[in-house]
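Please work through the exercises below with the sequence and the structure open beside you. Each task is followed by a solution that goes step by step.

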Amino acid sequence: MTDYPDYLTEDVHPEDYAADQIALRQQVCEAYFASERVARLAGLEPYVIMGGLLEAINEAIAAEQARIDDGTLRRSGPLRPLRAVGWFETLHAILALHPVRVLVLPDGRRVLGLYDDDPTSPTYRTFSHPDRWLHELVIRYGGNRRAAGVGNIRLHLRLKARALSVDDVADDENGASA
């Protein structure tokens, strides 16, 4: 029989380990953009929204690091404060604050765009996908005047955005019936 070192024979419980940085960012983004907070956030400037998110993520990282330092948790990986938000946080902001949908056309093609689902809006049930709309949103929430990560964001939006059929849309971006 092989004699293993003590640390390999210990019972391992995942709850004994700190969350990794990606998991912390995900948890904070979900809490920050919770449905009950979205209406309040929608009225703020993007730099305020993303600055608050960055602060919340760094506070969660500091709290997790403090639990590691006092011995409550074991380290699972490096936990470093973020200096800026990335495409991951920008994706969460866009999904929470903008009605991004995938329109499934009769020929099976899928078009990513914005859908107005507000019944009080004059453009209610209108689907639009103007040129570079996603780049503009990424620049607005990314904060660095560049559309860094737009490819990753587009891919994840296509995977996560709710699909609409042509029957769900009254008008296209030109006002004509779809």
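The exercises that follow treat confidence, the sheet and the packing of helices in a predicted model.

**Exercise 1. Find where confidence in the protein is lowest and where it is highest among its elements, and decide how the end of the chain should be read.**

Step 1. Begin with the whole protein, for which the mean pLDDT is 84, while 86% of the residues reach 70 or more.

Step 2. Turn next to the elements: confidence is lowest in helix 1 (residues 6-9), with a mean of 56, and highest in helix 3 (residues 35-42), at 95.

Step 3. Look then at residues 174-178, where pLDDT stays under 50 and for which the model has seven contacts beyond four places in sequence. Predicted coordinates should not be read in detail where pLDDT is low.

**Exercise 2. Work out the order of the strands in the sheet, and say which strands stand at the edges.**

Step 1. The sheet is open and is formed by four strands in the order 3-2-1-4, with mixed pairing. Strand 3 (127-128) and strand 4 (162-165) each have a single partner strand and stand at the edges, so one side of each is left without a neighbour in the sheet.

Step 2. Consider the pairs of strands, remembering that strands of a sheet pair through backbone hydrogen bonds, either parallel or antiparallel. Strand 1 and strand 2 pair in the antiparallel sense over five bridges, and Val100 has Leu114 in strand 2 as its bridge partner. Strand 2 (residues 110-115) and strand 3 also run antiparallel, joined by two bridges, and here Tyr115 has Phe127 as its bridge partner in strand 3.

Step 3. Follow the chain through the hairpin of strand 1 and strand 2, which has five residues between the strands and in which Gly108 takes a positive phi near 95°.

Step 4. Add the helix that lies across these strands: helix 6 (residues 133-142) lies across strand 1 (100-104) and strand 2, and runs at about 55° to strand 2.

**Exercise 3. Determine whether helix 2 is oblique or roughly parallel to helix 4, and do the same for helix 2 and helix 5.**

Step 1. Helix 2 (residues 21-32) packs against helix 4 (residues 46-69) at an angle of about 130°, and their axes are 9 Å apart. Helix 2 is therefore oblique to helix 4, and the crossing of the two is right-handed.

Step 2. The residues of helix 2 that meet helix 4 include Leu24, Val28 and Tyr32, and those of helix 4 include Ile49, Leu53 and Ile57. By class, the residues of this contact divide into eleven nonpolar, two polar and two charged.

Step 3. Helix 2 and helix 5 pack at an angle of about 20°, with 10 Å between their axes. The two helices are therefore roughly parallel to each other. Arg25, Gln26 and Cys29 of helix 2 make the contact with Phe88, Glu89 and His92 of helix 5, and these residues divide into two nonpolar, two polar and two charged.

**Exercise 4. Describe how helix 5 meets helix 7, and which residues make the contact.**

Step 1. The axes of helix 5 (residues 87-97) and helix 7 (residues 150-160) come within 10 Å and cross at roughly 40°, and the two helices are therefore oblique to each other.

Step 2. Helix 5 passes helix 7 in a right-handed crossing. The contact is made by Trp87, Thr90, Leu91, Ile94 and Leu95 of helix 5 together with Asn152, Ile153, His156, Leu157 and Lys160 of helix 7. Sorted by class, the contact has six nonpolar, three polar and one charged residues.

Notes. Residues are numbered from 1 along each chain as its sequence is written. This is a predicted model: local features need pLDDT of at least 70, side-chain atom pairs count only at pLDDT 80 or more; totals for chains, interfaces and linings use all residues. Side-chain values use heavy atoms; hydrogens and water are left out. Axes are lines fitted to C-alpha atoms, for helices over the stretch in contact, and angles run from 0 to 180 degrees between N-to-C directions. Angles under 35 degrees count as roughly parallel, over 145 as roughly antiparallel, 65 to 115 as roughly perpendicular and the rest as oblique. A crossing is left-handed if the near helix is turned anticlockwise from the far one by less than a right angle, and right-handed if clockwise. Contact means heavy atoms within 4.5 Å. Ala, Val, Leu, Ile, Met, Phe, Trp, Tyr, Cys and Pro count as nonpolar, Asp, Glu, Lys and Arg as charged, and the others, Gly among them, as polar. Two strands pair if DSSP finds at least two bridges between them. pLDDT is the predictor's confidence in each residue, from 0 to 100.
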